[in-house]
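Reader: I'm new to this and a bit lost. Could you take me through one part of this structure up close?

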Amino acid sequence: MAVIITTIVVMGAMELQGKNQDMAEYIGKRGKSELANSLFLTSKAYRYDKDEKDAYELLREDFNIKDDESREILKNITRKINLTEEEEIPVSLEEDGPPVFTFYTNEILLKGEYPSRYYNFH
């Protein structure tokens, strides 16, 4: 009986360890994707609603990238860029009072292996 219980506990621990390893791999890949996504969060991204662009295309005017290997790496990082309409958000001190100030926001959705949403406030 003790052998059966020990086997069940060991198998459960092995399954849990496998799930943890899968989660760690997912988190690592997601983190790399977020780093690559940051290349697309420039003001130039607003030119390309519903277009698929590579990182080099967005960065080439701002950076003088002479290294061919770096250019190729950036050209292989692609995302489809979707933008939402800018929304007005009035802020008031009282629930029904006049707005003290208004700010605007819109969403940038980057579609790739790990899609992400970013919000721009101004």
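Author: Let's look at one strand and the core that goes with it. Before that, this is a predicted model, where local features need pLDDT of at least 70 and side-chain atom pairs count only at pLDDT 80 or more, while totals for chains, interfaces and linings use all residues. Residues are numbered from 1 along each chain as its sequence is written, and side-chain values use heavy atoms, with hydrogens and water left out.

Our strand is β4, residues 101-111 (strands are DSSP runs of E, at least two residues, and helices are runs of H or I, at least four, numbered from the N terminus). Asn106 lies in it, and it counts as buried because its relative accessibility is 7% (buried means under 20% relative accessible area, using a 1.4 Å probe and protein chains only). Skipping residues up to four places away in sequence, Asn106 touches Tyr46, Thr84, Glu85, Glu86, Tyr118, Tyr119 and Asn120 (contact means heavy atoms within 4.5 Å).

Leu109 is in β4 too, and at 15% relative accessibility it's also buried. With the same kind of neighbours set aside, Leu109 is in contact with Lys80, Ile81, Asn82, Ser116 and Arg117.

Now for the largest nonpolar core: it has 16 residues, and Phe40, Leu74, Ile81 and Leu110 have the most contacts inside it (such a core is a set of buried Ala, Val, Leu, Ile, Met, Phe, Trp, Tyr and Cys residues joined through side-chain atoms within 4.5 Å). Strand β4 supplies at least two of its residues, as do α2 (55-59) and β2 (78-83). Helix α2 gives the most, with four. Among the residues Phe40 touches are Leu58, Ile81 and Leu110.

Notes. Buried < 20%, exposed > 50% of the residue type's maximum accessible area, 1.4 Å probe, protein only.
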